[in-house]
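Thank you all for making the time this morning. I would like to walk through one model with you, going from single residues to helices and then to charged pairs, and I will put the sequence and the structure up now.

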Amino acid sequence: MGAEKKWLFTFFSAALLTLILLLFSSISAFSSSRLFPSSVHRGLHHPPAFAYYIFGGNGDKDRIFRLLLAVYHPRNRYLLHLSREASDGDRQQLAAAVKSIPAIRTFGNVDVVGKPDRVTYSGSSYIATILHAAAILLKIDSGWDWFITLSAMDYPLITQDDLAHVLSSVRRDLNFIDHTSDIGWKESKRVHPIVVDPAVYLARRSQIFHATEQRPTPDAFKIFTGSPWVVLSRPFLEFCVFGWDNLPRTMLMYFTNVVLSQEGYFHSVICNSPDFKNTTVNSDLRYMIWDNPPKMDPHFLHTSNFDQMAQSGAAFARQFQRDDPVLNMVDEVILNRRPNRPTPGAWCSGWNSWWTDPCSRWGDVNGLKPGTRAKKFEESITNLLDELSSQSNQCK
């Protein structure tokens with residue numbers, strides 16, 4: 001009897017040990033999948049990476065978080081900026097929401113600006129915040145290829161896998177910037193007036209004001225204008241921020257006193273630079289609906305615009321009202337994204353059950369799995385590159 005008890009004890013001990021080892025093994029495998037992901041590879045032999053500057057104002061923390069998840073990928077870098085008008089509580093809540101996403105905690109590729117800038121949309125403080133963001137992203141990450149500006153009213157129309165897949169075959173020194181030298185009425189309304197942005201020197205919010213005098217159109221350089229929404233290459237941003245040539249600084253001093261300087265600064269710098277003027281693709285890669293003639297802002301997009309928007313071949317669209325139902329349509333039909341979860345991509349491996357977040361686990365973050373929308377975007381890029389080859393649309 002004693003021998004039988006001893007045998008049973010040995011059997012159950014062995015079984016228990018086996019069970020513990022199996023459990024430990026599965027936990028280790030799960031942990032290594034979540035906490036020790038494969039390395040992020042950058043460079044010409046790997047898919048491009050993007051540096052996103054996403055900004056908004058008071059009441060925009062939830063919109064920025066949703067937009068972040070819609071464009072999130074472990075290979076990219078993100079800087080989120082709530083302007084000075086937003087509360088510190090909103091900034092803290094945004095940072096807490098960011099940290100709640102497992103992939104973001106692990107890859108550490110999202111930052112929230114803790115000391116926000118004061119921004120006047122129509123003044124030069126706006127372009128200062130963009131240059132500030134570019135400088136931060138250049139300092140904290142040395143591997144991204146393109147800098148993309150998005151506001152809280154923007155949303156993607158393709159996945160990051162689609163975007164990276166299509167732009168993998170594109171020269172990485174190209175700059176997607178809508179521009180023209182045909183400034184028309186803007187010469188008298190934007191170029192000649194001299195304005196001052198009080199946000200540059202006052203702690204309180206204040207609107208720009210006009211000087212009594214005006215100034216002539218410059219003849220030392222040519223003024224270009226266009227969309228403020230840009231996708232700029234890393235080499236060009238380094239040129240603007242580090243400024244080994246004096247042109248970016250000269251332009252910045254001039255555009256300090258220009259209304260809506262974001263509609264002319266990068267455009268004029270790049271088109272007056274011999275090194276970069278032939279790297280311009282005349283498009284901002286956005287879908288927008290404008291009045292004719294255009295007003296200050298494009299129309300808000302709604303569900304009635306969805307089909308045309310989805311077939312546009314654009315990478316992003318604007319502008320959207322907060323929580324408009326069309327955003328849910330984009331999430332469901334285009335991005336395959338559920339609330340409070342990143343847009344799934346080839347990097348996500350947690351597809352075991354429908355109720356779990358597929359991107360709470362991951363494998364190779366350097367692989368891409370483009371979807372059906374990539375084809376439309378590829379067609380748009382091909383047409384744009386055909387124009388680039390003919391040089392019919394470059395800094396003219």
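Before any residue is called buried or exposed, let me fix the words: buried means under 20% relative accessible area, exposed means over 50%, and partly exposed is what lies in between. Please also keep in mind throughout that this is a predicted model.

With that cut-off in hand, let me begin with D323, which is found in the loop between β12 and α12. D323 has a relative accessibility of 56%, and because exposed means over 50%, D323 counts as exposed. Its backbone deserves a look as well, since phi of D323 is near 60 degrees, a positive value in a residue other than glycine. In that loop between β12 and α12 we also find Q319, and the peptide bond that leads from R318 to Q319 is cis, with omega near 5 degrees.

A positive phi also turns up at L260, where the angle is near 55 degrees and the residue is, again, something other than glycine. L260 has its place in the loop between α9 and α10, and with a relative accessible area of 3%, L260 is buried.

Let me turn to the helices, and to one pair in particular. The axes of helix α2, residues 61-71, and helix α3, residues 88-99, come within 10 Å of each other and cross at roughly 25 degrees. How should we describe that arrangement, as roughly parallel or roughly antiparallel? Angles under 35 degrees count as roughly parallel, so α2 is roughly parallel to α3. As to the hand, the crossing of α2 and α3 is right-handed.

How many of the 11 residues of α2 are buried? The number is 10, and therefore α2 is largely enclosed by the rest of the structure. It is worth reading the names with a chemist's eye, for the buried residues of α2 include I64, F65, L67, L68 and L69, and also K61, R63 and R66.

That brings me to the charged pairs, and a search of the whole structure finds 16 salt bridges. One of the pairs is D60 with R322, where the closest N and O atoms are 3.2 Å apart. This pair links distant parts of the chain, with D60 in the loop between β1 (50-56) and α2, R322 in the loop between β12 (316-318) and α12 (325-335), and the two positions 262 residues apart in sequence. The partners can also be set side by side in terms of accessibility: D60 counts as buried at 11%, whereas R322 is partly exposed, with a relative accessible area of 44%.

Next comes E263, which forms a salt bridge with K186, the closest N and O atoms being 3.5 Å apart. E263 lies in the loop between α9 (247-255) and α10 (265-271), while K186 belongs to helix α7 (residues 186-191), so this pair ties together parts that are 77 residues apart in sequence. E263 counts as buried at 11% relative accessibility, and K186 counts as buried at 16%.

Which residue forms a salt bridge with E263 at 2.9 Å between the closest N and O atoms? That residue is R190, which sits in helix α7, 73 residues away from E263 in the loop between α9 and α10. At 13% relative accessibility, R190 counts as buried too. There is also a network, in which salt bridges that share partners join R66, D323, D331 and R337.

I will finish with two places on the surface. A nonpolar surface patch of about 330 Å² is made by V200, Y201 and F209. Of these residues, V200 lies in the loop between β7 (193-196) and β8 (209-214), and at 55% relative accessibility V200 counts as exposed. The other place is K115, found in the loop between β3 (110-112) and α5 (125-140), which counts as exposed at 72% relative accessibility. The C-alpha atoms of K115 and R91 are separated by 9.7 Å, and the two residues are 24 residues apart along the chain.

Methods
Residues numbered from 1 in each chain as written. Predicted model: local features only at pLDDT ≥ 70, side-chain atom pairs only at ≥ 80, totals over all residues. Heavy atoms only, no water. Patch = residues over 30% accessible without salt bridge, like charges linked within 9 Å, V, L, I, M, F, W, Y side chains within 5 Å. Areas by Shrake-Rupley, 256 points an atom, 1.4 Å probe, with all protein chains shown as cover. Salt bridge = Lys/Arg side-chain N within 4 Å of Asp/Glu carboxyl O. Helix = DSSP H or I, 4+ residues; strand = E, 2+ residues; numbered from the N terminus. Buried < 20%, exposed > 50% of the residue type's maximum accessible area, 1.4 Å probe, protein only. Axes fitted to C-alpha atoms, helices over the stretch in contact; angles between N-to-C directions. Parallel < 35°, antiparallel > 145°, perpendicular 65-115°, else oblique. Left-handed = near helix turned anticlockwise from the far one by under 90°.
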